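The following exercises invite the reader to examine a protein structure step by step. Each task is followed by a worked solution.

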Amino acid sequence: DFHVVLIDDGSTDGTAEMVAALLPGRLTILTGTGDWWWGGSLHQGIEWLKKAGIDEASMILFINDDLTIAPDYLERSVRVMRDRPRSFVLSRFRTTDDGEPEETGTVVDLKRFHFSVSGDPTKINCLATQGLFAWWSSVREVGGFHPKLLPHYLSDYEYTMRAHRKGFVCETSPDLIIDLNRESTGFHKIEDKSFLPFLRKFFSLKSPANPIYFTTFAFLVLPTTSVVPIVLRIWRDATRTVLRAFVGSIRA
């Protein structure tokens, strides 16, 4: 008993056609031109759900297309979510050699603007959207994403931190496991020796370290009194990174 809303933001590899062949009658495809990115795509999905008038008791799953799930993944999620009326529950992922699931809940220290993996489940105040479950009533209360301000990276962090501020529980579940491919997207490590290619990637939407969007994120999640010193730190660190790349390109 599920329906897939596939947000196809300008792909050219036949993904939409492949999914349509696999899920006839269980699929809605929203087609973009390539400028929605992740935050924008999820926002489009939420807007479609609003117009569709789905039941408040429906369960929502936000999930990437490059993850692998078990055949009973959705069945397990129903059991996990049954007693969690005001929770956002993130699947745990496996990338380790021994196949053990890793904890994916995040703790954000707002005073230091520091992100760390939670060692205490009760301290989680931030989640990704790689297999994230919530009830539709909860999603409606939190609202949509900010596709213009945070089109890609950090959009999910801002969203779940907003949910946490509204009183929702952020947690993970060992009963919900996904296999994650870290290498599929994004400039997580920029290895260009030439300065201009480095600069283009560093300030790209595909860069998790892009200081422009970290600045926007800071304004959205931090108390007003903390914003200025944190933003100055963001750009100090970014300047150091750019200067190191410039010096390295000269030496190369």
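**Exercise 1. Two loop residues**

Ala-57 is placed in the loop that runs between helix 2 and strand 3. The model is a predicted one. Task: determine whether Ala-57 is buried or exposed, and state where Lys-166 lies.

Solution.

Step 1. The relative accessibility of Ala-57 is 54%. Exposed means over 50%, so Ala-57 counts as exposed.

Step 2. From Ala-57 to Glu-75, the C-alpha atoms are 16 Å apart in space, and the two residues are 18 residues apart in sequence.

Step 3. Lys-166 is found in the loop between helix 5 and strand 9. Its relative accessibility is 40%, so Lys-166 counts as partly exposed.

Step 4. When residues up to four places away in sequence are not counted, Lys-166 touches Arg-86, Glu-141 and Val-142. The C-alpha atoms of Lys-166 and Leu-6 are separated by 28 Å, and these residues are 160 residues apart along the chain.

**Exercise 2. The open sheet**

Task: establish in what order the five strands of the open sheet are arranged, and which strands stand at its edges.

Solution.

Step 1. The order of the five strands is 3-8-5-9-4, with mixed pairing.

Step 2. Strand 3 (59-62) and strand 4 (68-69) each have a single partner strand, so one side of each is left without a neighbour in the sheet. These two strands therefore stand at the edges.

Step 3. Strand 4 pairs with strand 9 (residues 169-179) in the antiparallel sense, over two bridges. Thr-68 has Asp-179 in strand 9 as its bridge partner.

Step 4. Helix 3 (residues 73-81) lies across strand 3, strand 4, strand 5, strand 8 (132-135) and strand 9. The helix runs at about 155° to strand 9.

**Exercise 3. Aromatic pairs**

Task: state how many aromatic pairs the structure holds, and explain why the pair of Phe-88 and Tyr-159 ties together parts that are apart in sequence.

Solution.

Step 1. The number of aromatic pairs in the structure is 16. One of them joins Phe-88 and Tyr-159, with 6.3 Å centre to centre and 75° between the planes. An angle over 60 degrees counts as edge-to-face, and this pair is accordingly edge-to-face.

Step 2. Phe-88 belongs to strand 5 (residues 87-94), whereas Tyr-159 belongs to helix 5 (residues 155-165); the pair therefore ties together parts that are 71 residues apart in sequence.

Step 3. Phe-88 is buried, with a relative accessible area of 0%. Tyr-159 also counts as buried, at 0% relative accessibility.

Step 4. Phe-115 and Phe-214 form another edge-to-face pair, at 6.5 Å centre to centre and 80° between the planes. Because Phe-115 lies in strand 7 (residues 114-117) and Phe-214 in helix 7 (residues 211-221), this pair ties together parts that are 99 residues apart in sequence. Phe-115 is partly exposed, with a relative accessible area of 27%.

Step 5. One aromatic cluster is formed by Phe-62, Phe-88, Phe-145, Tyr-159 and Phe-168. Arg-86 lies over the face of Phe-168, 4.0 Å from the ring centre. Elsewhere, the charged end of Arg-26 sits over the ring of Phe-2, at 4.4 Å from its centre.

**Exercise 4. The nonpolar cores**

Task: find which helix gives the most to the largest nonpolar core.

Solution.

Step 1. The largest nonpolar core has 21 residues, of which Ile-46, Phe-62, Phe-88, Leu-127, Val-139 and Tyr-159 touch the most other members.

Step 2. At least two residues of this core come from each of helix 2 (37-52), strand 3, strand 5, strand 8, helix 4 (136-142) and helix 5. Helix 2 gives the most, with four residues.

Step 3. Val-139 is in contact with Ile-46, Ile-60, Phe-62, Phe-88, Ala-134 and Tyr-159, leaving aside neighbours within four places in sequence.

Step 4. A second, separate core has 15 residues, including Phe-113, Leu-154, Phe-214 and Val-221.

**Exercise 5. A hairpin**

Task: describe how strand 6 and strand 7 are joined.

Solution.

Step 1. The two strands run antiparallel, and four bridges join strand 6 to strand 7. Asp-109 stands opposite His-114 in strand 7.

Step 2. Four residues lie between the strands of this hairpin, in which Phe-113 takes a positive phi near 55°.

Step 3. Strand 6 (residues 106-109) has Thr-106 and Val-108 on a covered face, and Val-107 and Asp-109 on an uncovered one.

Conventions. Residues numbered from 1 in each chain as written. Predicted model: local features only at pLDDT ≥ 70, side-chain atom pairs only at ≥ 80, totals over all residues. Heavy atoms only, no water. Phe/Tyr/Trp six-rings, centres within 6.5 Å; stacked < 30°, edge-to-face > 60°. Buried < 20%, exposed > 50% of the residue type's maximum accessible area, 1.4 Å probe, protein only. Lys NZ or Arg CZ within 6 Å of the ring centre and 35° of its normal. Pairing = 2+ DSSP bridges. Contact = heavy atoms within 4.5 Å. Axes fitted to C-alpha atoms, helices over the stretch in contact; angles between N-to-C directions. Core = buried A, V, L, I, M, F, W, Y, C linked by side-chain atoms within 4.5 Å.
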